Amino acid sequence: MIKKLFAKCCRTILLIVCKLVTGVQARWYSPPCDAVTIYYANHTSHLDGLVIWSSFPKKLRKLVHPVVAKDYWEKNSLKKFIAIEVFNSVLINRHTNTHENPLQPLIATLEKQQSLILFPEGTRGNGEQIVDFKSGLYHLAKQFPHIHFVPVYLNNLNRVLPKGSKLVVPIICSAIFGSAISPLHENETKADFLLRAKQALKDLI
């Protein structure tokens with residue numbers, strides 16, 4: 001009970017700090033809903049997931065889970081507490097062996113009718129360009145043809161907390177939520193789907 005209350009307090013504090021530091025302005029092409037959705041975004045900062053998550057109405061936050069790297073967020077007890085207890089993140093193993101499906105934690109979450117925040121580039125970029133997507137987004141689209149895939153473009157987060165920096169610089173940021181892309185087309189190749197999903201994100205710039 002105490003642990004849950006402490007996590008709730010941390011969550012509230014981090015949300016307030018996030019909004020103060022980034023002044024995040026969320027813009028939605030379509031109003032947010034409780035349908036099962038994968039929100040996929042460009043990745044330039046450790047604040048990215050928090051900014052997206054904070055942009056949701058309060059009632060939806062408990063239904064949306066950031067996907068984070070297990071090897072990074074389990075480095076120490078504080079990071080693990082923030083990832084799991086505070087934001088109820090889904091941890092993904094980026095270094096699995098051939099017998100493990102790295103997408104299984106994501107699949108399990110979607111099967112529970114919960115949504116995800118995903119960064120398909122696979123790693124943080126410099127904020128100047130969107131690099132090619134990893135294949136995970138395609139495999140999820142293939143296995144879950146009826147869920148929504150919503151692109152989210154994050155602007156200026158790379159300037160607030162640049163890659164490799166520990167210095168936070170207050171700058172106004174924005175999170176642009178596009179309309180859901182159409183489901184995986186019949187006979188659409190992995191390359192074509194990933195290119196289409198990437199273009200939908202680039203169109204928000």
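Here is a short chat between a visitor and a guide about how the labels on this structure are earned.

Guide: Before we start, this is a predicted model: local features need pLDDT of at least 70, side-chain atom pairs count only at pLDDT 80 or more, and totals for chains, interfaces and linings use all residues. Residues are numbered from 1 along each chain as its sequence is written, and side-chain values use heavy atoms, with hydrogens and water left out.

Visitor: What makes Lys3 and Glu85 a salt bridge?

Guide: The label calls for a side-chain nitrogen of Lys or Arg within 4 Å of a carboxyl oxygen of Asp or Glu. For Lys3 and Glu85 the closest N and O atoms are 3.5 Å apart, so the pair passes. Lys3 sits in helix α1 (residues 2-22) and Glu85 in helix α5 (residues 77-86), so the pair ties together parts that are 82 residues apart in sequence. Helices here are DSSP runs (H or I, at least four residues), strands are too (E, at least two), and both are numbered from the N terminus.

Visitor: Why is Asp132 called exposed, and why is Lys198 called buried?

Guide: Buried means under 20% relative accessible area, exposed over 50%, and partly exposed in between (1.4 Å probe, protein chains only). Asp132 has 57% relative accessibility, so it counts as exposed. Lys198 has 12%, so it counts as buried. Their side chains still meet in a salt bridge, at 2.8 Å from N to O. Asp132 is in the loop between β5 (115-118) and α7 (136-143), and Lys198 is in helix α9 (residues 190-202), 66 residues apart.

Visitor: How do you know that Glu121 has no salt bridge?

Guide: Lys and Arg count as positive, Asp and Glu as negative, and His and the chain ends are not counted. The nearest side chain of opposite charge to buried Glu121 is Lys198, 7.3 Å away, so the 4 Å limit isn't met.

Visitor: What does the side chain of Glu121 reach, then?

Guide: The backbone nitrogen of Val131, at 2.9 Å. A polar contact is a pair of N or O atoms within 3.5 Å; within protein, one must be able to donate a hydrogen and the other to accept it, and residues adjacent in sequence count only if both atoms are side-chain atoms. Glu121 itself is found in the loop between β5 and α7.

Visitor: What makes the largest nonpolar core a core?

Guide: The term covers a set of buried Ala, Val, Leu, Ile, Met, Phe, Trp, Tyr and Cys residues joined through side-chain atoms within 4.5 Å. This one has 31 residues, and Val51, Ile52, Phe56, Val152 and Leu154 have the most contacts inside it. Its largest share, five residues, comes from α1. Leaving aside neighbours within four places in sequence, Val51 is in contact (heavy atoms within 4.5 Å) with residues including Cys18, Leu154 and Ala175.

Visitor: How do you know that β2 is largely enclosed?

Guide: Five of the five residues of β2 are buried, so the rest of the structure largely encloses this strand. Thr37, Tyr39 and Ala41 cover one side, with Ile38 and Tyr40 on the other.

Visitor: Why are β2 and β6 said to pair?

Guide: Two strands pair if DSSP finds at least two bridges between them. β2 and β6 have five, in the parallel sense, and Thr37 stands opposite His148 in β6. β2 also pairs with β5 in the parallel sense, over three bridges, where Ile38 has Leu116 as its bridge partner.
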